[in-house]
Amino acid sequence: MVAFPRGFCAGVRRAVDAVEAALLRFPPPIYCYNEIVHNRQVVDRLTEKGVVFVLDLDEVPRGGVVLFSAHGVTPQLRDDARQRGLTVIDATCPFVAKVHAEVRQFARDAHTIVLIGKRGHEEVVGVAGEAPDHVIVVQDSDEARVVDVPDPSRVAVLMQTTLSQSEAGLVLDVLRERFPTLKTPSTSDICYATTNRQEAVRQLAEEVELVLVLGARNSANTNRLVEVARKSGTRAELLPDLETLTSMDFDGVSRVGVTAGASTPESFLEEVMAALAVQGFDPVSLSPVAEESVTFALPPPLRP
Ligand code: SF4
């Protein structure tokens, strides 16, 4: 059985399209800061086409073209790129850019910002970089219980876009109890794609004995999907490649559910479905839990 929605979200699609468009517009190599998406198949395919993935702007020659991924970067890094004379294509997802703007606003209003998210994740690093002196990253309820702020009456909370709604809700409850005047953004920071994929996998988990979540081990939203499925009491495994499938134990499993993280291409899902069909599992699609129509224009300077 296959969940829907699944796979590429609007932010990832735009970032990948931006790289493809940049390859047509500029002579290779094009440089990409960090992985464009957390997915090996996508990164390998783009590397073959002339994209060089770097972890340090020092690796980009002066005058080169550098692309920032959907996860976003710190303002300091953006300035650094400008000072080096690089042509920047900023594919930061607009939903992530929204959180950056919220940090700037709350920091201007002299609030301490508690950012719920995974310390060290690119998105969290970029968001916190907007106001490092104002942001404290909190990963879970335990940390929320002891987080120390200079003025408990001036605290705001923001979130990584790919959190599980229920887990983030628990942390939020703790913060609300500790800081009764806690400020929150006007709309949730957890994006539509995260919410829809989590709801779809929750429903899928009720129908099957095993859920396979296709995606990379370092993909935050993919890991959340595994956690959500397991919370339903169903066995769930992350599947980064086809080799992992061959060593998987299907004893006692008559129905397999498949979904994919927001950075996993549909081509990988098709390969997995074909491999499962060989093992006798039927490719049945579940009804969509939501229709998705979000699209984003290419970032400047790639717009026509
Ligand atoms: S998961 Fe959400 S925030 Fe992240 S790139 Fe996709 S649409 Fe944007």
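In the predicted model, 10 residues of domain 1 are in contact with 11 residues of domain 2. On the side of domain 1 that touches domain 2, three residues are nonpolar and seven are polar, while none is charged. The C-alpha centres of domain 1 and domain 2 are 27 Å apart. These two domains belong to a division of the protein chain into three parts: domain 1 covers residues 10-92, domain 2 covers 95-178 and domain 3 covers 192-278.

An open sheet is formed by three strands, arranged in the order β6-β5-β7 with parallel pairing. At the edges of this sheet are β6 (135-138) and β7 (155-159), each of which pairs on one side only. Neighbouring strands of the sheet are turned against each other by 25 degrees on average, with direction ignored. In general, the strands of a sheet pair through backbone hydrogen bonds, and the pairing is either parallel or antiparallel. Strand β5, made up of residues 112-116, is joined to β7 by five bridges, and the two strands run parallel. Within this part of the sheet, Leu115 stands opposite Leu158 in β7. Helix α4 lies across β5, β6 and β7, and runs at about 170 degrees to β7.

The ligand is surrounded by 15 residues, of which Cys9, Gly11, Cys93, Thr161 and Cys191 come nearest. Two or more residues of this shell are given by each of the elements α1 (10-25), α4 (94-108) and α8 (192-205). The largest share comes from α1, which gives three residues to the shell. Helix α4 therefore appears in two settings, as an element that gives residues to the shell around the ligand and as the helix lying across β5, β6 and β7. Sorted by class, the shell consists of 10 nonpolar and five polar residues, with no charged residue.

Ala290 is located in the segment that follows α11 (266-278). Ala290 counts as partly exposed because 14 C-beta neighbours lie inside 10 Å, whereas a buried residue would need 20 or more and an exposed one would have 12 or fewer. When residues up to four places away in sequence are not counted, Ala290 touches Pro5 and Asn196. Ala290 and Asp151 are separated by 139 residues in sequence, and the distance between them in space is 41 Å from C-alpha to C-alpha.

Note on methods
Residues numbered from 1 in each chain as written. Predicted model: local features only at pLDDT ≥ 70, side-chain atom pairs only at ≥ 80, totals over all residues. Helix = DSSP H or I, 4+ residues; strand = E, 2+ residues; numbered from the N terminus. Contact = placed C-beta atoms within 7 Å. Near = placed C-beta within 6 Å. Nonpolar A, V, L, I, M, F, W, Y, C, P; charged D, E, K, R; others polar. Pairing = 2+ DSSP bridges. Axes fitted to C-alpha atoms, helices over the stretch in contact; angles between N-to-C directions. Domains from an automatic or database assignment.
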